[in-house]
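User: Hi! I have a protein chain here and would like to talk through its fold with you. Could you help me read it?

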Amino acid sequence: MRFSHLDRCLSLAAVSLALALCACDKKQPLTTVSVTSSGPAATVKEAAKAQNFKVEGEWTSGQASPLIVVIGENHASVATQKEIAGFLGGLRQRKSCDMVLIEGSSGAIELPEDLRSSGAVGDQRYWDAMLANGGIAGYEHTLLMDPSLPVLGVEDMVEKARVEITYLDTPDRQVSEELEVFRRGFDFVSARVAGLKAGSDAASKALEQYRLALETAKPDFAEFTTAYAPVRESLLRRSAAIADYERSKAALGEFFTEIVRAQERAGPKVDEYNKLVGEHQGLVERARAPGVAASELRSIEARLRSIQSQLEVLKKETGSTDEQRRAEAAHPGELAKLTEALQTANREQVAIEAAAAKLKPVSERVAASLALLRDSHFSTSNAILNTKGLTD
């Protein structure tokens, strides 16, 4: 990660402690980072050995070679968040921190305008109490005490969503793993039944029922995996659209805030307009798909006409505002990108809900198969235990 325009930089991120330059343990909790006039390299290494940190002074490189300190932190620990707040506050007071970079978001993180203009900002007692009660995070405490501190989310949220949607604990992955668990369970009890002496008829019958339950489950599990694919694809497209929306929002800056205020004045009609546009685009794509039945096509055409009529009315009520015109003049094309991203996200949400509805009956069959497999495994195990002449 390169930030050549910074002379001093602090990076706050929840990463593996093995990768952290500055970490802490239970015996010697992290308080602040040692950054002295003799240069950061030796002092940070020395502090890392002791895992106990203290601000001794301020160091400025004067060159385009910023110091980035990465901290592993526990989101759920109030004690850790209090340490982080003290750590950042100490650096900030000594002008040793130019920016806080955090995971889990992308783009600038700023206080809401209503909070920024309220008397709560800088209220040490109030925010200390909020921090102690777990109401805010450590970096949020620092930002609320000093709103001029730049806080930037640096995680690639599209890639994060792609990994979560594609590889992590997804429904289709869970189903595959469940089936594998019972397949291995069947192999285990099958070997035990084969090792029984006389009187193993009940165990053999239970094992056969187990085998049939596995064979019956396989098609439903395979169908679930196939049926979940459209949900995953729509989730990926929706997450990408949301990221595009956030990028355009950041590019518009204060213009976006003005537009939102104007939209709030227009009421919920703006949301209704955007949802209808998303539905309209989804229906058009569906109508163009091969193999659509004539009856469904007629239904789609009727709904499109109804949507078009509603859009015409809403367009007059939520037309271009002065704020939008100023934004377009300052950032040509950005407002159109933002609108397109929002419409895409809405359209994919409709697609997700439709795919999930088709997935529901398959999910119910899978749930029934899992219940039968559990019963079969326990029945076979109990039959083995109740059989006389059990051998290892």
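Analyst: Happy to; below we go through the overall make-up, the cores, one helix and the strands. This is a predicted model, in which local features need pLDDT of at least 70 and side-chain atom pairs count only at pLDDT 80 or more, while totals for chains, interfaces and linings use all residues. Residues are numbered from 1 along each chain as its sequence is written, and side-chain values use heavy atoms, with hydrogens and water left out.

User: How many helices and strands are in the protein chain?

Analyst: Helices (H or I, at least four residues) and strands (E, at least two) are taken as DSSP runs, numbered from the N terminus. On that basis the protein chain has 13 helices and four strands.

User: What share of the residues counts as buried?

Analyst: Buried means under 20% relative accessible area, exposed over 50%, and partly exposed in between (1.4 Å probe, protein chains only). Of the 392 residues in the protein chain, the buried share is 36%.

User: Which helix supplies the largest share of the largest nonpolar core?

Analyst: A nonpolar core is a set of buried Ala, Val, Leu, Ile, Met, Phe, Trp, Tyr and Cys residues joined through side-chain atoms within 4.5 Å. The largest one has 27 residues, and Y210, L214, F221, F224 and L373 touch the most other members. At least two residues of this core come from each of α7 (171-194), α8 (201-252) and α13 (334-385). The largest share, eleven residues, is from α8.

User: Which residues does L373 touch?

Analyst: Here a contact means heavy atoms within 4.5 Å. Not counting residues up to four places away in sequence, L373 touches L179, F182, Y210, A213, L214 and A217.

User: Where do the buried residues of α12 lie around the helix?

Analyst: In α12 (residues 322-330), E323, Q324 and A327 are buried. Seen down the axis of α12, the buried residues fall within an arc of 95° (taken from the directions from the helix axis to the C-beta atoms), so they line one face of the helix.

User: Which residues of β4 point to the buried face?

Analyst: Side chains alternate along β4 (residues 151-154). L152 and V154 point to one face and are not buried, while the buried ones, pointing to the other, are V151 and G153.

User: Which strand pairs with β4 in the antiparallel sense?

Analyst: Two strands pair if DSSP finds at least two bridges between them. β2 (residues 100-102) pairs with β4 in the parallel sense over three bridges, with I102 opposite G153. In the other pairing, S106 has V154 of β4 as its bridge partner. The antiparallel partner of β4, over three bridges, is β3 (residues 106-108).
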